[in-house]
Each structure stands twice: as structure tokens, then as C-alpha cells.
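Here are some exercises to work through with the structure open beside you. Try each task before reading its solution.

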Amino acid sequence: MKNIIKLFTILLLSSFVFANTKVILKTNFGDITLKLYDKKAPKTVKNFLEYVNSDFYNETIFHRVIDGFMIQGGGYDTNLKKKKTNKPIENEATNGLSNVLGTIAMARTSVINSATSQFFINVKDNTFLDHSGKSPSQYGYAVFGKVISGMAVVNRIKKTKTGKNGPFQNLPNTNIVIKKAYVLP
């Protein structure tokens, strides 16, 4: 009986240790709940959670919305002012996760290890963004989670009318604001 209780306790504790972290993005369009892949993308998840836990994403906008591709946010405030970020992180695009509908990945420049705070949610299967080689154009974009609730909100965002504003292409005509981002207890 003692061994059964020990085994049950170990199994129960391991379910907490290996549970995937969940984050809510409260937007002015509704809530989006994300399940993060803590084990498959540990550095990327750690980076994302540092921004979430420091309230960095609060009052930022989705500044790039392309229906049939993705919605991108996490870098600019409501006045289109770029926020100061932490140092870039290592690109974990080799983790075997794919840029499919509903997944969240880190945005980056043409430099492989340049991701900081910006992320995007795929609004269709974008497997051409997956890792396929070592060159910058083939390295891919690191998927680190997926939407588990709120795809209706994502779909509403992707249908937003967009335009150009200075350096911004595909900028929503009306701000789509992440009011608050937080980890579910």
C-alpha cells in the first residue's frame, strides 16, 4: 500500500512539474488562451514568460495583421512606439514543432538568433516557416505554443481592415490592444 501511495504521489507531482504553462492574452477583441510547450521550447517559453511576468505586453498592439498568414504583436505600444526589449534569444526552430494553424511562434529578423519580444499566431498552416536548413532563410521560426481557447478572437483579428502607416505595412486601422497578459495559476 505504501508503494502505491508513493507512486501516486510521484505521478501527481510530475504532472505539475511537466504541465504546460498557460497564458491569457486579454485583448480589446476578447481573450486568447495559449498553452506553451515548456519542454519542447524551454528557452523560448522562458523568454516569453519573462515578458509576460514583467507586464511588458500590457498595452501593446497587434501591429501586423495578414489574413491568410498570421497576426503579429508584442513590440509596439498603442502610439506605435517600439518598446525596449531584452537581448535576443537562441532560435529553437529545430524543436520539431510546426507553424500550423493556431500555433504561436517568435518573430525575428533575417538574423537567425534575433527574436526578442515579438510573436505571431499562425492563422493557417505556414509550414514553409518551419526549420529546413542552416541558412537564415531556411532556419525557420520557433513555435513555442498554441491557442487552446480564443481562436474566434484570432479569426476576428485577422479580418480587421489594415493599411500603411510610415514603416508599418498591414497595420490595423483600429488598435488591437493586448490589455493584459498573464500566466494562469
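**Exercise 1.** Place valine 177 in its strand and decide whether valine 177 is buried or exposed.

Solution. Start with the secondary structure: valine 177 lies in strand β10, residues 177-183, where strands are DSSP runs of E with at least two residues and helices are runs of H or I with at least four, numbered from the N terminus. Next, check accessibility: valine 177 is buried because its relative accessibility is 8%, and buried means under 20% relative accessible area, exposed over 50%, partly exposed in between (1.4 Å probe, protein chains only).

A note on the source: this is a predicted model, in which local features need pLDDT of at least 70 and side-chain atom pairs count only at pLDDT 80 or more, while totals for chains, interfaces and linings use all residues. Residues are numbered from 1 along each chain as its sequence is written, and side-chain values use heavy atoms, with hydrogens and water left out.

**Exercise 2.** Which residues does valine 177 contact, leaving aside neighbours within four places in sequence?

Solution. Look for heavy atoms within 4.5 Å, the cut-off for contact. With those neighbours left aside, the list for valine 177 is Lys26, Thr27, Asn28, Glu59, Thr60, Ile61 and Thr78. Then compare sequence with space: valine 177 and glycine 73 are 104 residues apart in sequence, with 9.1 Å from C-alpha to C-alpha.

**Exercise 3.** Find the contacts of phenylalanine 48, again leaving aside neighbours within four places in sequence.

Solution. Applying that filter, phenylalanine 48 is in contact with Val23, Leu34, Leu36, Tyr57, Ile104, Phe119 and Phe144.
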